[in-house]
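Let's take a walk through this structure together, one group of contacts after another. Keep the 3D view open as you read.

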Amino acid sequence: MGPLAVNDIISPNTNFFLAFVIGIGFGFVLEQSGFSSSRKLAGLFYGYDMVVLKVFFTGGVTAMLGLLFFSLFGWVDLNLVYVNPTFLTSAIVGGLIMGAGFIMGGFCPGTSFCGAAIGKLDAMIFILGLFIGVYFFAFGYPMFETLYKSAPMSSPKISTMLNLSDGVFAFILVVVALGMFYLAEWVEKKFPREEY
Amino acid sequence: MKPLHYLTLILMILALIIALVPQNTTRPYKLTALQMLTEIRAGTQFVSPDEVADKIVKKDPSIQMIDVRNPREFDMFSLPGAINIPLQDILSETNFDLLNQGTKMNIFYSNGSTEANEAWLLTRQLGYQNNYVLQGGLNYWMETILNPMPPGNVISNDEIARYDFRKAASMAMGGGNISAIAPSAAAPAGTPKPGVVPVQKKKKASGGC
């Protein structure tokens, strides 16, 4: 049956419309979880607020289990689900840059738009910086191309690399995620910060 | 119980289930078994040798003959314009664009029709369009096109027309029983041009059968 758009069950326009609705829902949940506050986001790195980690890991684990169950019921064909190809070097370099920007700016790209939507000035400045970065990368692409395209791995799966079934790997990941949740609770107690 | 405990409980149960069930029971195939059965019973994948011969003689650019036998057999004999994709390579990625496309009419053939049909079944279940099978395979092709049997005594016009067409097609492809053809037609047998003329005349007939 699924993916709906790939199998022509819904038209590309309906697909965009659904993306629009889901996007609004995503933004709403981000805002309601307090992600529009740069202090909350930076809290992850200082240890006084681990909500970011909890929300994103819960989201990831839920989506993973959901897809695996959908696949089990025959509702979605995982072979047809598009996965961005992995370029290892650029993933690491990009991750470092993004992480540094995250600590310094107190936002990640999605949450900065959330913050801007409720009128936060720091979020708007962050978006400005984001666009400068985008233009710098786009116009400087010939400079970065070799780095960008090095170590291509198409769409690898950790489960395949470890020779595990997807289900067993999912189980391990859930255990790891839960372990991190309890660790996060402990860290929050250890580095409390009352007012922000 | 704290919310985190609820979450732990639910996630652990779900993760345990997903870890224990057999992996990935989804089908990469697009058609259900019933749809396949309907298509197989209708035999829509088959193209008659006469139709194929007509297209080959006319050098119809919309068809692509695909030989699914092994390369050795392909080298020994193949149909004009055919390419070789042995059955074991039918799923290889290099052939994906060729087999899954919307413009050309791919016609699989093998010695009989079994292997060609297997190739068609696989590609059809993957949801590919425009793949067909040469009815009866090369064996039937030899019988009907390259060495056509003259019709018996009690014959209809259709049968004569079909026989004429097959003889002409055989000639155009430089094969078969040329000696059986009348001397006047046999002389230019080497060039494809004389083949074209009789074929156009017979087109109506082939439509009739």
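Within chain B, the side chains of B:Lys55 and B:Asp60 come together in a salt bridge, with 3.6 Å from N to O. This is a predicted model, so please read every distance here as a computed value. B:Asp60 has a relative accessible area of 23%, and because buried means under 20%, B:Asp60 counts as partly exposed. Side chains of opposite charge can pair in this way when their charged atoms come close.

A second pair in chain B is formed by B:Asp67 and B:Arg69, whose closest N and O atoms are 2.8 Å apart. Are these two residues buried or exposed? Both B:Asp67 and B:Arg69 are buried. Over all chains, a search of the whole structure turns up eleven salt bridges.

One of them takes us across to the other chain. A:Glu185 pairs with B:Lys2, and the closest N and O atoms of the two are 3.0 Å apart. Why does this pair join two chains? A:Glu185 sits in helix α9 (residues 166–190) of chain A, while B:Lys2 belongs to the segment before α1 (3–20) of chain B, so the salt bridge runs from one chain to the other. B:Lys2 is partly exposed, at a relative accessible area of 40%. The pair also belongs to a wider arrangement: A:Lys54, A:Glu185, A:Glu188 and B:Lys2 are linked in a network of salt bridges.

Now step back to the interface as a whole. How many salt bridges cross between chain B and chain A? The rule finds one, and the side chains that meet in a salt bridge there include B:Lys2 and A:Glu185. The contact draws on 22 residues from chain B and 25 residues from chain A. Between the two chains, about 2,000 Å² of area is buried, and carbon and sulfur atoms give 71% of that area.

Let's turn to chain A on its own. Its secondary structure consists of nine helices and zero strands, so if you trace the chain from the N terminus, the elements read α-α-α-α-α-α-α-α-α. Chain A has 196 residues, of which 28% count as buried. Its accessible surface is about 12,300 Å², and 73% of that surface belongs to carbon and sulfur atoms. Among contacts in chain A with a separation of 6 or more, 62% are between residues 24 or more positions apart.

For a look at two places well separated in sequence, try A:Val93 in helix α4 (residues 88–105) of chain A. The C-alpha atoms of A:Val93 and A:Leu147 are separated by 9.1 Å, with their positions 54 residues apart along the chain. A:Val93 itself is partly exposed, at 31% relative accessibility.

Next come the aromatic rings. The whole structure holds 14 aromatic pairs over all chains. In one of these, the ring centres of A:Phe137 and A:Tyr141 are 5.9 Å apart and the planes stand at 75°, so the pair is edge-to-face. A:Phe137 is partly exposed at 35% relative accessibility, and A:Tyr141 is partly exposed too, with a relative accessible area of 24%. A:Phe137 has another edge-to-face partner in A:Tyr148, at 5.6 Å centre to centre and 65° between the planes. This second pair links distant parts of the chain: A:Phe137 lies in helix α6 (residues 121–139) and A:Tyr148 in helix α7 (residues 141–149), eleven residues apart. A:Tyr148 is partly exposed, with a relative accessible area of 35%. Ring pairs join A:Phe87, A:Phe136, A:Phe137, A:Tyr141, A:Phe144 and A:Tyr148 into a cluster.

Finally, have a look at the cysteines. How many disulfides does the structure hold? There are zero over all chains. The sulfur of A:Cys108 has its closest cysteine sulfur in A:Cys114, 8.9 Å away, and because a disulfide needs the two sulfur atoms within 2.5 Å, that is too far for a bond. A:Cys108 is buried, with a relative accessible area of 10%. A:Cys114 is buried as well, with a relative accessible area of 8%.

Note on methods: Residues numbered from 1 in each chain as written. Chains lettered and ligands numbered in written order. Predicted model: local features only at pLDDT ≥ 70, side-chain atom pairs only at ≥ 80, totals over all residues. Heavy atoms only, no water. Phe/Tyr/Trp six-rings, centres within 6.5 Å; stacked < 30°, edge-to-face > 60°. Buried < 20%, exposed > 50% of the residue type's maximum accessible area, 1.4 Å probe, protein only. Helix = DSSP H or I, 4+ residues; strand = E, 2+ residues; numbered from the N terminus. Contact = heavy atoms within 4.5 Å. Areas by Shrake-Rupley, 256 points an atom, 1.4 Å probe, with all protein chains shown as cover. Buried area = accessible area lost by both parts, 1.4 Å probe. Salt bridge = Lys/Arg side-chain N within 4 Å of Asp/Glu carboxyl O.
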